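Reader: I have a chain to look at and a few bench-side questions. Can we go through them one by one?

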Amino acid sequence: MTTTPETTPGTTALARPATAAEAAGRRRPVRSAGARPARTIAIDRYLETIYCIEGEDQPVRPGRLAQWLGVTAPTVSIALRRLRAGGWIETGEDRVVTLTPAGRRTAEETVRRHRLIECWLCDVLGMDWASAHSEAKRLAPALSDDVLRRLDLALGGPATCPHGHRIPGRAAPYGDLVPLTSLAAGVPATVRRVSEIMEYECFACLEELAAAGVGIGTQVSFETDGDMAVLRVSGGGDRRVTVPMSTAQLISVDAPAASA
Ligand SMILES: [Zn+2]
């Protein structure tokens, strides 16, 4: 496999002043081919997490990675060095991490694996979407590619995970989405996706929503109550759940034109 030059413009791989040789136009030696780190479960977890934060249109900073992965800042620093050495990521001058094409390919494999397992846990085994997320994290590294292929076939090639996120390589079965809270109060809309931020930063919210019957495909409306949003689930009686507005913003529904 090829390595990504560490002197790509716009990155901070050079944390020290350029040497005379570099100033003269010679790249500093990167490393021997044999020094490239091997892909590990930990590396996959980092790439998956970077991919998911990018998918939320948010900058991927080391502090956010530490929070999502539940590790310390020094641990993230060491891991990011390995990921750079492997050619999977680049780091900008503002410390924002981005995936290289090789990193994105690897991340998509890992994310696909996680999301297919979630489908299996929810659709076949009847787990709720909160438990499925944490169980999938545990199970994902253990499944062989062959088992995953058969699982995908048995599930009928799903397009999204139980949280509405697209399985890499497949088209999403919905059009434009907007945050539930961008709609007028009381207007019902169909839930299509919940943010990965909820899965990583507000796990209890997933559990609360599941307990109230909120899931992909359910009709939900909201009303504000100070900083809180009261979500009302259409059908099946008067089911409601109160969550912070910041949580309700993480629920995506069909854009008004598509939900009519
Ligand atoms: Zn998911």
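Reader: Is Arg95 buried, exposed or partly exposed?

Author: This is a predicted model, so the values are computed from it. Arg95 lies in the loop between β1 (89-91) and β2 (97-99). Around Arg95 there are 13 other C-beta atoms within 10 Å. A residue counts as buried from 20 such atoms and as exposed at 12 or fewer. Arg95 is therefore partly exposed.

Reader: What is the phi of Arg95?

Author: Arg95 is not a glycine. Its phi is positive all the same, at about 70°.

Reader: Where is Asp57, and is Asp57 buried or exposed?

Author: Asp57 sits in the loop between α2 and α3. Its phi is positive too, near 60°, and Asp57 is a residue other than glycine. Inside 10 Å, Asp57 has 6 C-beta neighbours. The cut-off for exposure is 12 or fewer, so Asp57 counts as exposed.

Reader: How are α2 and α3 oriented to each other, parallel or perpendicular?

Author: Take α2 as residues 41-55 and α3 as residues 62-69. Their axes come within 10 Å and cross at roughly 115°. Angles of 65 to 115 degrees count as roughly perpendicular. The two helices, α2 and α3, are therefore roughly perpendicular.

Reader: What is the handedness of that crossing, and which residues of α3 meet α2?

Author: The crossing of α2 past α3 is right-handed. By class, this contact has five nonpolar, one polar and two charged residues. From α2 come Arg45, Tyr46, Thr49 and Ile53. They meet, in α3, Arg64, Leu65, Trp68 and Leu69.

Reader: Which residues touch the most other members of the largest nonpolar core?

Author: This core has 34 residues. Several elements each supply at least two of them, including α6 (129-139), β4 (189-194) and β5 (219-225). The most comes from α5, with six residues. The members that touch the most others are Leu180, Val214, Val220, Leu231, Ala248 and Ile251.

Reader: Which residues does Leu231 touch?

Author: Leave out residues up to four places away in sequence. Leu231 then touches Val214, Val220 and Phe222. Leu231 also touches Arg240, Val241, Val243 and Ala248.

Reader: How many residues are in the second core?

Author: The second core is separate. Among its members are Cys52, Trp68, Ile89 and Leu99. Trp68 also appears in the contact of α3 with α2. The second core has 18 residues.

Reader: Which residues of α6 are buried, and what covers them?

Author: The buried residues of α6 are Trp129, Ala130, Ala132, His133 and Ala136. In general, an α-helix has 3.6 residues a turn, so residues three or four places apart point the same way. The cover over the buried residues of α6 includes α5, α8 (196-201) and α9.

Reader: How far apart are the C-alpha atoms of Pro101 and Ile89?

Author: Pro101 is placed in helix α5. With 10 C-beta neighbours inside 10 Å, Pro101 counts as exposed. Along the chain, Pro101 and Ile89 are twelve residues apart. Their C-alpha atoms are separated by 8.6 Å.

Reader: Now the whole chain. What share of its residues is buried?

Author: The chain holds eleven helices and eight strands. Among contacts with a separation of 6 or more, 61% join residues 24 or more positions apart. Of the 260 residues in the chain, the buried share is 32%.

Methods
Residues are numbered from 1 along each chain as its sequence is written. This is a predicted model: local features need pLDDT of at least 70, side-chain atom pairs count only at pLDDT 80 or more; totals for chains, interfaces and linings use all residues. A nonpolar core is a set of buried Ala, Val, Leu, Ile, Met, Phe, Trp, Tyr and Cys residues joined through C-beta atoms within 7 Å. Helices (H or I, at least four residues) and strands (E, at least two) are DSSP runs, numbered from the N terminus. Two residues are in contact if their C-beta atoms, placed from the backbone, lie within 7 Å. Axes are lines fitted to C-alpha atoms, for helices over the stretch in contact, and angles run from 0 to 180 degrees between N-to-C directions. Angles under 35 degrees count as roughly parallel, over 145 as roughly antiparallel, 65 to 115 as roughly perpendicular and the rest as oblique. A crossing is left-handed if the near helix is turned anticlockwise from the far one by less than a right angle, and right-handed if clockwise. Ala, Val, Leu, Ile, Met, Phe, Trp, Tyr, Cys and Pro count as nonpolar, Asp, Glu, Lys and Arg as charged, and the others, Gly among them, as polar.
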